[in-house]
Amino acid sequence: MNALINEVEEEFKHTKLPTKKPLSSGENSRSHIAYKNTLDKGIQAVVLGKVRDYTQSSLVEGRFNKRYSKLFTLLKRLIKAKDPKFKWNSIQINDSVNTKLHKDKNNIGLSYGISFGNHKGGGLELEGKLYDLKHKFFKYDGTLEHRTIKPQSGRRIAVIFFMRR
């Protein structure tokens, strides 16, 4: 498993995620999750696997699956090595994104989180307790209130495996 974690870490060193400005208001906005200054400057994030097509209310293959095919393959191998029975259909990847306290509303069941990068400090705060996810998987219920804590330094890439509604 450590060799696979190192492969993923190495792939992230050569991966630049797109910067996007998420909607700051409306039904599909990220204002309940991300801080306004984060929304204003844009975030580096992608979803691999299945995504919601809001025009059809169905799940479809994400448009970044092919662009990041090597990373997608490595992450699928990684979660399978960790927990072969874990059911997921989406992988959220956030590059140095800090979030507000929030509850995931489109998740079914538990999620697995793990982080990569050269960051020091930071992590996932869940119900008031801070968890360090650097190269460590953490299984949690995303429908409980949680947020990411800004690292003291460095780049933190958070990877979350979950089942999307």
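Is Ser57 buried or exposed, and what is its relative accessibility? In this predicted model, Ser57 has a relative accessibility of 57% and therefore counts as exposed, the cut-off for that class being over 50%.

## The hairpin turn at Ser57

Ser57 lies in the loop between β2 and β3, and these two strands form a hairpin with four residues between them. The phi angle of Ser57 is near 55°, a positive value in a residue other than glycine. Most residues other than glycine have a negative phi.

Strand β3 covers residues 58-61, and its pairing with β2 is antiparallel over four bridges. One of the pairings in this hairpin sets Asp53 opposite Ser58 in β3.

## Strand β2 and its partners

Strand β2, which comprises residues 43-53, is largely enclosed by the rest of the structure, because nine of its eleven residues are buried. Besides its pairing with β3, the strand β2 pairs with β1 (residues 19-20) in the antiparallel sense, over two bridges, and here Thr19 stands opposite Gln44 in β2.

With strand β4 (residues 90-95), β2 is joined by six bridges, and the two strands run antiparallel. Within this pairing, the bridge partner of Leu48 is Ile91 in β4. In a regular strand the side chains alternate between the two faces of the sheet.

## Helix α3 and its two sides

Helix α3 has 14 residues, which at 1.5 Å a residue should span 20 Å, and the distance between its end C-alpha atoms is 20 Å, so the expected and computed values agree. The buried residues of α3 are Leu71, Phe72, Leu74, Leu75, Leu78 and Ile79. These residues lie on the same side of α3, because they cover an arc of only 165° around the axis.

What covers the buried residues of α3 includes the helix α1 (2-13) together with β2, β4, β5 and β10 (157-164), so that the enclosed strand β2, with nine of its eleven residues buried, is among the elements named there. On the face of α3 turned away from the buried side are the exposed residues Lys70 and Lys80. Another lysine, Lys76, lies over the face of Phe72, at 4.2 Å from the ring centre.

## Aromatic pairs around Tyr112

A search of the whole structure finds eight aromatic pairs. In one of them, Phe86 and Tyr112 are arranged edge-to-face, with 4.8 Å from centre to centre and 75° between the planes. This pair links distant parts of the chain, since Phe86 is in the loop between α3 (69-82) and β4, whereas Tyr112 is in strand β5 (residues 107-116), 26 residues apart. Both Phe86 and Tyr112 are buried.

Tyr112 also pairs with Phe137: the ring centres are 5.5 Å apart and the planes stand at 80°, over the 60 degrees that the edge-to-face class requires, so this pair too is edge-to-face. Because Tyr112 lies in strand β5 and Phe137 in the loop between β7 and β8, the pair ties together parts that are 25 residues apart in sequence. Tyr112 counts as buried at 7% relative accessibility, and Phe137 is likewise buried, with a relative accessible area of 17%, which is under the 20% cut-off. Ring pairs link Phe86, Trp88, Tyr112, Phe137 and Phe161 into a cluster.

## The loops on either side of β8

His135 is placed in the loop between β7 (129-131) and β8 (138-140), and although His135 is not a glycine, its phi is positive, at about 60°. With 29% relative accessibility, His135 counts as partly exposed, because this value falls between the cut-offs of 20% and 50%.

Leu144 lies in the loop between β8 and β9 (146-149) and is partly exposed, with a relative accessible area of 30%. Leaving aside residues up to four places away in sequence, Leu144 touches His102, Lys103, Leu126 and Glu127. Of these contacts, His102 is 42 residues from Leu144 in sequence, while the C-alpha atoms of the two residues are 7.8 Å apart in space.

Conventions
Residues are numbered from 1 along each chain as its sequence is written. This is a predicted model: local features need pLDDT of at least 70, side-chain atom pairs count only at pLDDT 80 or more; totals for chains, interfaces and linings use all residues. Side-chain values use heavy atoms; hydrogens and water are left out. Buried means under 20% relative accessible area, exposed over 50%, partly exposed in between (1.4 Å probe, protein chains only). Two strands pair if DSSP finds at least two bridges between them. Contact means heavy atoms within 4.5 Å. Rings of Phe, Tyr and Trp (its six-membered ring) pair if their centres lie within 6.5 Å; planes under 30 degrees apart count as stacked, over 60 as edge-to-face and the rest as tilted. A charge sits over a ring if NZ of Lys or CZ of Arg is within 6 Å of the ring centre and within 35 degrees of the ring normal. The expected span of a helix is 1.5 Å times one less than its number of residues. The arc is that of the directions from the helix axis to the C-beta atoms.
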